[in-house]
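Student: I would like to learn how to read a model like this one. Could you walk me through it?

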2 protein chains.
Amino acid sequence: MNAATRSPQPPLTRSVEDYLKSVFHLTSQGGFATTSDIAEMLEVAPPSVSGMMKRLSETGLIEHVPYRGVQLTPQGRRAALQMIRRHRILESYLTSKLGYDWGDVHVEAEQLEHAVSEKLIERMADALGEPRYDPHGAPIPTAAGEIEEAELVTLADIAVGSSVVLREVGDENTERLHYLAEQGLIPGVQLTVIDRQPFNGPTIVRLGDGTTRVVGQELALLLFCRPVDGE
Amino acid sequence: MNAATRSPQPPLTRSVEDYLKSVFHLTSQGGFATTSDIAEMLEVAPPSVSGMMKRLSETGLIEHVPYRGVQLTPQGRRAALQMIRRHRILESYLTSKLGYDWGDVHVEAEQLEHAVSEKLIERMADALGEPRYDPHGAPIPTAAGEIEEAELVTLADIAVGSSVVLREVGDENTERLHYLAEQGLIPGVQLTVIDRQPFNGPTIVRLGDGTTRVVGQELALLLFCRPVDGE
DNA sequence: TTTGAGATTTAGGCTAGCCTAATGCCCTGT
DNA sequence: ACAGGGCATTAGGCTAGCCTAAATCTCAAA
Ligand SMILES: [Mn+2]
Ligand SMILES: [Mn+2]
Ligand SMILES: [Mn+2]
Ligand SMILES: [Mn+2]
């Protein structure tokens with residue numbers, strides 16, 4: 001009887017939890033997560049990733065194809081989704097109940113996610129009314145481990161003349177989030193693309209109040225939108 | 001320039017934080033914390049404590065007198081009080097804002113105390129109105145690192161006929177806390193000792209509503225009281 | 001088909017924290 | 001004064017996670 005089949009499993013370490021989340025995010029579009037992508041995301045050296053991948057495949061949390069990359073097993077995926085639920089509930093709670101700025105919650109949640117109990121997360125979720133999205137618009141997995149998969153398009157890909165709803169923005173960069181909030185570019189806002197400059201130039205959008213914003217290509221690639229019905 | 005004088009210090013680890021808290025509690029009546037007392041409190045083997053004491057004295061957090069025990073340095077005391085503030089604010093918050101039972105908060109706080117930021121603790125404290133006592137009646141250190149030192153007496157030492165206010169109870173045992181809550185023996189309640197059986201027998205107290213309780217010696221030793229003014 | 005750049009893994013090393021077994025210190029009781 | 005019990009420390013070993021340097025694999029370009 002080996003480690004992968006022995007039960008009950010010892011609790012996952014902080015590191016393991018973060019590795020699993022990384023693999024989840026890196027494989028969300030399908031395919032493998034590569035050693036160097038994981039290393040970059042977690043800010044560790046590639047050999048550290050190789051070492052951890054070895055341990056994680058021995059415990060049955062990932063499938064490792066040498067020199068190709070890794071994918072989560074069903075068990076690994078379950079654990080990753082649980083961590084993502086924790087993270088996003090925490091971000092939501094800090095924002096709604098403790099007056100946190102949406103630019104600051106990610107860093108705090110990155111630590112707390114490893115220390116909170118299941119019970120605390122469910123109490124927070126309950127206090128919030130079982131939110132479905134975190135403050136940055138990312139879907140919150142259910143306690144049962146299900147997550148909404150929406151097909152979103154980046155603002156940079158929206159044709160001039162089309163209207164969209166901004167659904168989700170990346171949550172890792174505090175300054176970027178502050179800037180977006182200043183500009184009123186927050187999830188839920190409706191935008192109409194009124195122009196786009198050539199050569200990967202900025203996209204110009206009109207907000208509901210008639211004001212316009214000039215969004216550079218780099219930023220436009222990080223604003224995930226859903227086309228508005230009937231457009 | 002050695003480790004003790006180099007600055008800024010690296011953040012303390014989870015283990016170090018728990019060791020410092022233990023030393024604080026074990027020296028709160030003065031004197032030294034012994035290796036075996038620390039080992040018992042943290043549920044580790046004595047040699048693990050010896051090893052950690054070596055590291056902590058090298059970093060200037062404790063003073064170690066070989067074969068005698070340890071005491072906190074001012075720096076170690078500051079760190080310990082910060083952790084105790086975190087712990088007690090967390091217990092208060094979980095109880096007041098998330099409907100936690102007072103018997104369950106200790107275990108949760110024991111983990112969270114290592115993951116929360118200073119900022120989060122201050123937001124929680126603010127949301128609670130800067131509480132001065134945790135749910136078990138223990139004083140909460142201020143953000144500046146000051147803690148109230150009250151001279152409390154255990155119920156077992158109160159003379160028959162005297163009245164007291166129950167101020168503080170130990171928070172480590174969930175079942176004990178549940179039992180105390182059932183009996184109405186919670187901090188703030190006024191008690192009059194109406195009898196005590198000999199040979200370390202139980203203490204009989206009357207509550208404000210006229211009902212009585214029979215409190216065994218073991219429990220009476222853990223109920224910390226303040227004599228009522230003018231008695 | 002060969003080759004080389006780039007990615008990955010292996011080799012070897014380090015620290016923090018834990019353990020058990022062996023040794024050493026301290027103090028009390030005779 | 002000293003023996004012995006009990007506590008503390010030292011010795012030696014282990015795992016998780018990290019690192020750098022060296023070896024190895026892969027794949028696309030020549
Ligand atoms: Mn986040
Ligand atoms: Mn994390
Ligand atoms: Mn507690
Ligand atoms: Mn703790």
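**Reading the model together**

Tutor: Gladly! Keep in mind that this is a predicted model. Let's start with the nucleic acid: of the atoms of DNA strand C within 4 Å of the protein, 77% belong to sugar or phosphate, and the rest belong to bases.

Student: Which contacts are made to a phosphate oxygen of DNA strand C?

Tutor: In one, an N or O atom in the side chain of A:S50 is 2.8 Å from a phosphate oxygen. In another, a backbone N or O atom of B:A45 lies 2.7 Å from a phosphate oxygen. Elements giving two or more residues to the surface near this strand are helix 2 (35–42) and helix 3 (46–58) of chain A, along with helix 1 (14–26) and helix 3 (46–58) of chain B. Helix 3 of chain B provides the largest share, four residues.

Student: How are two copies of a chain related?

Tutor: In general, by a rotation about an axis and a shift along it. Here, a turn of 180 degrees and a shift of 0.0 Å along the axis lay chain A on chain B with an RMSD of 0.1 Å. That is the relation of a two-fold axis. The same surface serves both copies, as 100% of the contact residues of chain A recur in chain B.

Student: And which protein donors hold the manganese ion (ligand 1)?

Tutor: They are A:H87 (NE2), A:E91 (OE), A:H106 (ND1) and A:D171 (OD), at 1.9 to 2.1 Å from the ion. A:H87 sits in helix 4 (residues 74–97) of chain A and A:D171 in the loop between strand 4 (163–169) and helix 7 (174–182), so the pair ties together parts 84 residues apart in sequence. Both A:H87 and A:D171 are buried.

How values were computed:
Residues numbered from 1 in each chain as written. Chains lettered and ligands numbered in written order. Predicted model: local features only at pLDDT ≥ 70, side-chain atom pairs only at ≥ 80, totals over all residues. Heavy atoms only, no water. Least-squares fit on C-alpha atoms with pLDDT ≥ 70 in both. Contact = heavy atoms within 4.5 Å. Donors = N, O, S within 2.8 Å, 3.2 Å for Na, K, Ca; no water. Buried < 20%, exposed > 50% of the residue type's maximum accessible area, 1.4 Å probe, protein only. Near = heavy atom within 4 Å. Polar contact = N/O pair within 3.5 Å; in protein donor to acceptor, adjacent residues only side chain to side chain.
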